[in-house]
Amino acid sequence: MTEESLKELLRDMSLKEKVGQMMQLDSSCFSNEGPVTGPAAELSVDPEDFNLAGSILGVVGAEAIEKLQKLCMEKQPHHIPVLFMADIINGYRTIFPIPLALGCSFEDEAARTVGDVMARESAAAGLHVTFAPMVDLVRDARWGRIMESTGEDPYLNSRMAAAMVRGIQGETESYEGHLGACAKHFAAYGAPAAGREYNTVELSERTLREDYLPAYQAAIEAGAAMMMTSFNTLDRIPATGNKWLMQDILRAEMGFEGVLISDWNAIGELITHGVAEGKKEAARQAAEAGVDMDMMSGCYMAKLCGLAEEGLIPEDIIDTAVWRILVLKNRMGLFENPFREAGKPAEQERVMTKENRDKAREVAAQTMVLLKNEENFLPLDREEDVVFIGPYMEEKNILGAWSFFGNPEEAVTLKEGILKKKPDAQFARGCEVLNPGQTVYGFRFNAESLCSEPEADEMIAGAVKLAKGKHKVVLALGESNLQTGEGGSRGDITIPDIQKKLFRAVCEVNENVAVILFAGRPLDIREINEKAKSILYAWMPGTEGGNAAADILFGDTVPQAKLAMSLPYCAAQAPVHYAQLRTGRHTRDGEDIKNRFLSKYQDIPNLPLYPFGYGMGYTDFAVGEVILSSGQLVSGEGIRASVTVENTGDREGTETIQLYITDECASCARPVRELKGYKRVLLMPGEKREVSFTITEDMLRFYNKDMEYQAEKGKFMVWIGTDSLTENGEKFELV
Ligand code: GLC
């Protein structure tokens, strides 16, 4: 449709029809089975008006979408096509590793591939936009949705966000064969106080700008079609009604011109936040803040017409919102083809193809972090006398907390992966994932252990019997998939007690133990770390996770991932991250142990158990000293920083070379160092290669004491190494 025709359409629409476009309803509102119940009943919207909805979420499948599209378009006075959205976070049917694992790949192309495959599969299922990528910065392992982020670093998050948006939206203006991306959750949802879900966010504006906004900016610059508001408050004002955040920052400063949608009932929650007395005031605040679409609160449909008719909000706020929505629909060609990709080719031809599964297997192997490998415990030899124990050997729930449309039954378990390589392998379950009688309540189903204590003891005894006298034991342990995700905040971030009991019992009879951990967060693994010879962190690796982990176990592929999130020593350290601000009494671990008057604890270390950027391979690398093209960086120019990297081991390997910068003295306290670049390099045994970066003034910018984003002349350090603790550095000056 031409822009002129679109403007004419907007002019012709009634106020009620326009407000209908600003309403997004869940598929449950269209079940047409008897009286309206559940969330739909709380909308205070006449069910007759459901068909005016501009968007529907949670429906997938070409047939279902086509049916609903026809129904709504027929009833819409101007037959405006509905925008179909759903949560396709790390895969549609072919499920990839959770985003936190993806961050550990430090591989932008892997992130783009995930976006591309999941978009192609779900576009064939009729979908138009996905509520992804989630680009919230997260530094607290207690928070359940940490699994949905790409970790603790603004620079890494920004590169991952841009790559995901590019993958999801594809290369054409209309996202042909792909989806629109809806980045989320604006803003700083990942920093809830105490790591408690939906809790208050207390950040200085400077920290918000320095650490939390960059990844949203990267998503916007990559062209994200939509942005979603977050549930939390910022400076005690809920984001969804926060005019400063949405109009001054998101629109005016960050240049976002797409459609802004609320999170689920987030407009209605302005009432429970205690900032709006009722739906009318909630609708007014959200509309004034520039929220274009109301996800499942009903406030807009119930109250916005009245607000406009009473002159309490200017009608052009509604026109502006509806215009953005119509422009997005038009950009995707929905007026010409409301069914878009649905069924062409048939969904079955595009989902779970061998090509997609192979990509999922490759990406999963790029995300698993080898934390420890004493005595070259791994890789295993196929003929070795090794047994395999633990609940995660056979666990199929390894798709992650946001994989609603994936099917765990289609997941390849670790046991299946191992048996393909070692058909005579012996296994023992050892215990259930959860403690006897424990239940974790989920969204559509619960996770529970029906095992009794006596049965649990019997299972452990069986595992111990198998482990005794064997040369090696590989244990597959982890938290339940449902112990992470939305509503998955935990105070105790260890594996369930029954698994600790199994681990201790096996270690009692066999000292040669390797552990593979499945988790949606960095766990407290102190005890495992003390006793296990080798630890592979597999996260929730998706449909091909079992094959990918077995590939690494037997050396058919080499581990190459790096931690995108510090692994805390314990929950008490949270939020722990490498880029801590300097203090007046800063200390790293181990120094001045008797001096109590330093910024440290009496009973635990400052440093995490494993630092951001850390990860091993099956070979060793030597990184040479940092060579600078000049010790002085002249404003507007750049200096080259290079190192020589050598594979000093006997196997090929990929190393991620990371560049960090320290601002020695500035008008504000600055982080001890910040990641400003990374490059992955594949080297054969004995091969050497130069890896270089260009340091620019832009890398040195920050929000100074006057809140101006600029660099300040002075002394800096550049560090280039293989994790965030590298001491391989050189000084330079900005002049
Ligand atoms: C949820 C989540 C959001 C998701 C939305 C729709 O509450 O916060 O990330 O996209 O609702 O399912």
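The following legends describe close-up views of a predicted model.

**Figure 1. The ligand and its shell of residues.**
The view shows the ligand with the 13 residues around it. Among these residues, D87, R145, K184, H185 and D263 come nearest to the ligand. Sorted by class, the shell holds seven nonpolar residues, one polar residue and five charged residues.

**Figure 2. Polar contacts of the ligand with D87, K184 and E486.**
In this view, the side chain of D87 places an N or O atom 2.5 Å from an oxygen atom of the ligand. The side chain of K184 likewise has an N or O atom at 2.8 Å from a ligand oxygen atom. For E486, the distance between a polar side-chain atom and an oxygen atom of the ligand is 3.2 Å. The protein buries 91% of the 310 Å² that the ligand exposes when taken alone.

**Figure 3. The largest cavity of the model.**
Rolling a probe the size of a water molecule over the atoms shows where empty space is left. In this model, two cavities of 30 Å³ or more are counted. The view is centred on the largest cavity, the volume of which is about 90 Å³. Its lining is made up of 13 residues, and P99, P133, M134, T150 and M164 are those that lie nearest the centre of the cavity. Two elements, α5 (99-103) and α7 (154-169), each give two or more residues to this lining. Helix α7 provides the largest share, with four residues. By class, the lining of the largest cavity comprises 10 nonpolar residues, two polar residues and one charged residue.

**Figure 4. The second largest cavity of the model.**
This cavity has a volume of about 40 Å³. The residues that line the second largest cavity are I661, T662, D663, R670, E674, K676, M699, L700 and F716. Strands β23 (653-663) and β24 (674-683) are the elements that give two or more residues to the lining. The contribution of β23, three residues, is the most that any element gives to the lining of the second largest cavity. Four of the lining residues are nonpolar, one is polar and four are charged.

**Figure 5. The cis peptide bond before P133.**
Most peptide bonds are trans. The bond from A132 to P133 is cis, and its omega is near 5°. P133 is situated in the loop between β4 (129-130) and α7. P133 also appears in Figure 3, as one of the residues nearest the centre of the largest cavity.

**Figure 6. The cis peptide bond before P379.**
L378 and P379 are joined by a cis peptide bond with omega of about 0°. The loop that holds P379 runs between β11 (369-373) and β12 (386-389).

**Figure 7. Y175, a residue with positive phi.**
Most residues other than glycine have a negative phi. In Y175, a residue other than glycine, phi is positive, with a value near 55°. Y175 is placed in the loop between α7 and β5 (180-186). Y175 counts as buried because its relative accessible area is 2%, and buried means under 20%.

**Figure 8. M352, a residue with positive phi.**
M352 is a residue other than glycine, and its phi is positive, near 55°. The loop between α15 (347-350) and α16 (354-367) contains M352. With a relative accessibility of 15%, M352 is classed as buried.

**Figure 9. S230 in a loop between two strands.**
S230 belongs to the loop between β6 (226-229) and β7 (233-234). The relative accessible area of S230 is 0%, and S230 is therefore buried. The view also includes G190, which is 40 residues from S230 along the chain. The C-alpha atoms of S230 and G190 are 9.5 Å apart.

**Figure 10. A286 in helix α12.**
Helix α12 spans residues 279-289 and includes A286. A286 has a relative accessible area of 0% and so is buried. F388 is given as a point of reference, 102 residues from A286 in sequence. From C-alpha to C-alpha, A286 and F388 are 55 Å apart in space.

Key. Residues are numbered from 1 along each chain as its sequence is written. This is a predicted model: local features need pLDDT of at least 70, side-chain atom pairs count only at pLDDT 80 or more; totals for chains, interfaces and linings use all residues. Side-chain values use heavy atoms; hydrogens and water are left out. A residue is near a molecule or strand if one of its heavy atoms lies within 4 Å of it. A polar contact is a pair of N or O atoms within 3.5 Å; within protein, one must be able to donate a hydrogen and the other to accept it, and residues adjacent in sequence count only if both atoms are side-chain atoms. Accessible areas come from the Shrake-Rupley method with a 1.4 Å probe; for residues, only the protein chains shown count as cover. Ala, Val, Leu, Ile, Met, Phe, Trp, Tyr, Cys and Pro count as nonpolar, Asp, Glu, Lys and Arg as charged, and the others, Gly among them, as polar. On a 1 Å grid over the protein atoms alone, a cavity is a set of points where a 1.4 Å probe fits but cannot get out, and a pocket is an open set with protein on both sides within 12 Å along at least five of seven lines; lining residues have an atom within 4 Å of a point. Grid points are joined across faces, edges and corners, and a volume is the space filled by probe spheres set on the points. Buried means under 20% relative accessible area, exposed over 50%, partly exposed in between (1.4 Å probe, protein chains only).
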